Each structure stands twice: as C-alpha cells, then as structure tokens.
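Q: I am new to this structure and would like a close look at one part of it. Could you walk me through the aromatic rings and the surroundings they sit in?

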Amino acid sequence: MRKIGLAVVVTALILVACGRQVTFPQYAQNGGLPSGFMSVRFTVAAPFAYSTYDYIVVFNTTGNGITPLPNGGAQENYAGFSDAIVVAGNASGAVNAVPVQFVFSSGAPGTVPAVYPLTVPGQDITFNSNSNASGTQFEVEFKRAIFSNLVSPTPGATPTPTPKPGATPTPPPSWLANCFVTSEGTTGSAFGGSGNTNYQPVDSLGQGGAADNTYVFTPPLDTTIAFNQTYEAENDVAPTQSAVIQSCEFQNTP
C-alpha cells in the first residue's frame, strides 16, 4: 500500500506570537464537526505535487510534551512521533489520506520508526483534496479515537499494527503536532533516517524547514474543548512552491 473540520458561535480571539496566528473558536467552514472529531487543513504556496511529495500531519498523542520535528535537525526527536495522516498519490493517480502509526521495532527512544497504516472504518475519516478550490489546500476530518490503539511490536520481529494490551480508550487530551512535506514514501518503511530515501523531510512549520530543530507547537491541541487554531509556517525555505507550507489549521469538537 502506497503512501498515503465549531458548533457554538463565540467571539474570535486572535493572538499573534512567534510568527503563528492562533484563532479560536469559530464555525468550521463545512458546518461543524461531529463530537469526537478533529480536522486539519493543510495549505501550501502552489498546487500540490503528489508525484514528487507526500504531505504529512504528524501528531504526538502520548502526552510527553515533545513537538515532532523533521529528521534533518532532530535525530533524537522521534519520541515526539506517535501518529500521522499521510496524504499522497498512488500509481493510478488517485490521492488518498491514510492514518498511520509510527512503530519502533526496538522500542528504544531515538531509533527511526517505521510508518504503518491503520485500518479504520470509512466513516471515521473523510478527505477533501481541494478544500479551497485552488489546489493548494486539503482537509481531513477524522475521529480522534482512530489513534487510540498503540502498536506493541515484539522485539526483533517485524512490527505489526495491533492493539496494545491495556491501551486506554482514548489518547491523552493534550496533543502536539507539526506539518511536513517529504519525499515520497512507502508505508512499512522507515521514516527518514540516514541513508533512507523514504519520507525525507523537505519542509515543516518551523523556521529551519526540513532541518528545523527548534519549533515548539503552541498552544497544544486540547481535545477536551472546541477550538479552531491556525499555525502559520515560520519560514519559506522549501525547494519548490508546491513544497512550501503556508499554514496548518486544526479544528476540534470534544
């Protein structure tokens, strides 16, 4: 398998800090999200180039407080990777949004994780590949619970995405995230890493783009409240406009 949206009107508060605009809460453009759902709108400077890049929203749902950073400047940052949504093209030209989990075969922090797709009911994730009608933004709505099951691989064996015994029914309420553009990848392969051509970062929300190691995702995504928060990219350092991230907007209904 290849690579891969609040209900109550309130006063909008806009904060500008560290190059990011944060707004919350407000109506979702699609009319509102169901309870238990989150959405993300990912916007780039020119139409998406799915034959060259993958577009990934990386989440840290573990509650450990580590912002996921791109591989180039953060070899020891993989403890900030837990789950993601990978938007990518396939051989037939179709574009899909696939929820994945990062799996650490050795269980050791700092090791490069493999990227494994999650099998979820169709009603739990919806994808709009052209949400701004300009070819430069997509939107994914998903049920937060799809990231509940934690993969527990057997040391030395090929990781298998199965529920971890004793896993909590929902991830911790405070999530961190980042948005990446990467080279094309294949699920089941490692994310970035030395000598690996899969999912090599090309841009991120941080000042350093693909090599950023300083970005702090703030405020976090508090899944217990309704919000609409937009995180503007801090720089324009990607090699092509199709890889230049402009913003990622997150919405939530508890």
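A: Here is a walk that starts with the whole chain, moves to one pair of rings, and then follows the strands and cores around that pair.

Please keep in mind that this is a predicted model. The protein chain has 0 helices and 14 strands, so from the N terminus on you will meet one β element after another. Of its 254 residues, 51% are buried. The accessible surface of the chain is about 10,400 Å², and carbon and sulfur atoms account for 56% of that area.

Now to the rings. Searching the whole structure turns up 24 aromatic pairs. A good one to begin with is the pair of Phe 59 and Phe 250, whose ring centres are 6.1 Å apart and whose planes stand at 80°. That arrangement is edge-to-face, because planes over 60 degrees apart are given that name. Phe 59 belongs to strand β4, residues 53-60, while Phe 250 belongs to strand β14, residues 245-252. With their positions 191 residues apart in the chain, the pair links distant parts of it. Both Phe 59 and Phe 250 are buried.

Phe 250 has another ring partner, Phe 217. Here the centres are 5.8 Å apart and the planes meet at 85°, so this pair is edge-to-face as well. Phe 217 is found in the loop between β11 (201-204) and β12 (221-222), and it is 33 residues away from Phe 250 in strand β14. Phe 217 is buried, as is Phe 250.

Pairs of rings can also join up into a group. Phe 42, Phe 48, Tyr 50, Tyr 53, Tyr 55, Phe 127 and Phe 138 are linked by ring pairs into a cluster.

Next, look at the nonpolar residues in the interior. The largest nonpolar core has 41 residues. Phe 59 and Phe 250 are among those with the most contacts inside this core, a list that also includes Phe 42, Tyr 55, Val 140, Phe 142 and Leu 221. Several strands each supply at least two residues of the core: β3 (37-44), β4, β5 (83-89), β9 (137-143), β10 (174-183), β13 (227-232) and β14. The largest share comes from β10, with 5 residues. There is also a second, separate core of 15 residues, which includes Val 86, Val 98, Phe 102 and Phe 104.

Val 86 deserves a short stop. This valine lies in strand β5, and its relative accessibility is 1%, so Val 86 counts as buried. Between Val 86 and Tyr 55 there are 6.0 Å in space, C-alpha to C-alpha, although the two are 31 residues apart in sequence.

Back to strand β14, the home of Phe 250. Cys 248 is in this strand too, and Cys 179 is in strand β10. A disulfide joins these two cysteines, with 2.1 Å from S to S, and the count for the structure is 1 disulfide. The angle about the S-S bond is -135°, and the link is left-handed. The two cysteines are 69 residues apart, which makes this another link between distant parts of the chain. Cys 179 and Cys 248 are both buried.

Strand β14 also takes its place in a sheet. This open sheet has 5 strands in the order β8-β9-β3-β14-β13, with antiparallel pairing. At the edges stand β8 (125-128) and β13, each with a single partner strand, so one side of each has no neighbour in the sheet. On average, neighbouring strands here are turned by 10° against each other, direction ignored. To see one pairing in detail, follow β3 and β9, which are antiparallel over 7 bridges. Among the bridge partners, Thr 43 is matched with Gln 137 in β9.

One last stop is Ala 114, in strand β7, residues 114-117. Its relative accessible area is 12%, so Ala 114 is buried, given that buried means under 20%. Ala 114 and Thr 186 are 72 residues apart in sequence, and their C-alpha atoms are 9.7 Å apart in space.

To retrace the path, start at Phe 250: its ring pairs with Phe 59 and with Phe 217, and Phe 250 is among the residues with the most contacts in the largest nonpolar core.

Definitions and conventions:
Residues are numbered from 1 along each chain as its sequence is written. This is a predicted model: local features need pLDDT of at least 70, side-chain atom pairs count only at pLDDT 80 or more; totals for chains, interfaces and linings use all residues. Side-chain values use heavy atoms; hydrogens and water are left out. Rings of Phe, Tyr and Trp (its six-membered ring) pair if their centres lie within 6.5 Å; planes under 30 degrees apart count as stacked, over 60 as edge-to-face and the rest as tilted. Helices (H or I, at least four residues) and strands (E, at least two) are DSSP runs, numbered from the N terminus. Buried means under 20% relative accessible area, exposed over 50%, partly exposed in between (1.4 Å probe, protein chains only). A nonpolar core is a set of buried Ala, Val, Leu, Ile, Met, Phe, Trp, Tyr and Cys residues joined through side-chain atoms within 4.5 Å. Accessible areas come from the Shrake-Rupley method with a 1.4 Å probe; for residues, only the protein chains shown count as cover. A disulfide is a pair of cysteine sulfur atoms within 2.5 Å. Two strands pair if DSSP finds at least two bridges between them. Axes are lines fitted to C-alpha atoms, for helices over the stretch in contact, and angles run from 0 to 180 degrees between N-to-C directions.
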